[in-house]
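Here is a guided walk through a single model, from its overall outline down to individual residues. Keep the viewer open and follow along.

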Amino acid sequence: MDLDIKKFTANATRIAELTALAEGANRELEDVYRVNKKTMELLPEADKNIEKLQQLVNVTAQRLVALAEKWESHRVPLIAKYRELKELNETRMTESAKRLEEIRELRERMKEVAEETRKKDELHVQLAKELERQKKDVNRSSYTRRIMEIVSNIRKQRKDIDRVLVDTSEERF
């Protein structure tokens, strides 16, 4: 019994599919029939109908030309504005790139100055230790003067570093 039900269901499905295909083919044939019928109705007055169609084509062509002219009148200013904005954007991009490069150079310079200051601080510490190790009476004034010069140079460099840092922070903002 189950086998009969399955066969019946399969046949019903197949029949439904065939019916749907037949209906689709029928619709296509009806469309072809309507077109052929309309064509046959127009044949007895072919000259008149051709003239009407020609007029319709001319009117449509004129309307198309008018629309093209109208579009062109809108398009030209839009293209000009687009080009202007594009050029402005490119100019801004080049300015931004220049500023970015300046910032990179300033950062590199800051690193160099900071490294130089660090080395001089180390030299200062080393010379100070060396001075302490040496005898106190051996040309103490010349060593003291030399150390004071080095300390003065270090202070100047620190001021330069601070100035570069301030310049860099101003450049960012």
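The radius of gyration of the protein chain is 47 Å, whereas a compact globule of 173 residues would come out near 16 Å. That radius is taken over C-alpha atoms, and the globule rule is 2.2 Å times the number of residues to the power 0.38. Put a box around the C-alpha atoms along the principal axes and you get roughly 135 × 70 × 15 Å.

A word on what you're looking at: this is a predicted model, where local features need pLDDT of at least 70, side-chain atom pairs count only at pLDDT 80 or more, and totals for chains, interfaces and linings use all residues. Residues are numbered from 1 along each chain as its sequence is written, and side-chain values use heavy atoms, with hydrogens and water left out.

On to secondary structure. The protein chain has 3 helices and 0 strands, and reads α-α-α along the sequence. Helices here are DSSP runs of H or I with at least four residues, strands are E runs of at least two, and both are numbered from the N terminus.

Take α2 to begin with, which covers residues 46-133. Its 88 residues should span 130 Å at 1.5 Å a residue, and its end C-alpha atoms are 124 Å apart, so the two agree. The expected span is 1.5 Å times one less than the number of residues. For α3, residues 140-172, the same check gives 48 Å expected for 33 residues, and the end C-alpha atoms are 48 Å apart, which agrees.

How much of the protein chain counts as buried? The share is 8% of the 173 residues, with buried meaning under 20% relative accessible area, exposed over 50%, and partly exposed in between (1.4 Å probe, protein chains only). The accessible surface of the protein chain is about 15,800 Å², and carbon and sulfur atoms own 57% of that; the areas come from the Shrake-Rupley method with a 1.4 Å probe.

So where are the buried residues of α3? They are I147, I150, V151, I154, Q157, I161, V164 and T168, and they pack against α2. As background, an α-helix has 3.6 residues a turn, so residues three or four places apart point the same way.

On the α2 side, N49, I103, M110, V113 and T117 are buried, and their cover includes α1 (2-42) and α3. Zoom in on T117: at 6% relative accessibility, it counts as buried. Leaving out residues up to four places away in sequence, T117 touches Q157, R158 and I161, where contact means heavy atoms within 4.5 Å.

Elsewhere in α2 you'll find A80, which is partly exposed because its relative accessible area is 43%. The C-alpha atoms of A80 and N26 are 56 Å apart, with their positions 54 residues apart along the chain. L123 is also in α2 and, at 39% relative accessibility, counts as partly exposed. From L123 to A16 the C-alpha separation is 99 Å, at 107 residues apart along the chain.

Over in α1 sits T19, partly exposed at 38% relative accessibility. T19 and R172 are 153 residues apart in sequence and 76 Å apart in space, C-alpha to C-alpha.

Last, the charges: the 38 positive and 35 negative ones have mean positions 7 Å apart. Lys and Arg count as positive, Asp and Glu as negative, while His and the chain ends are not counted. Each charge is placed at NZ of Lys, CZ of Arg, CG of Asp or CD of Glu.
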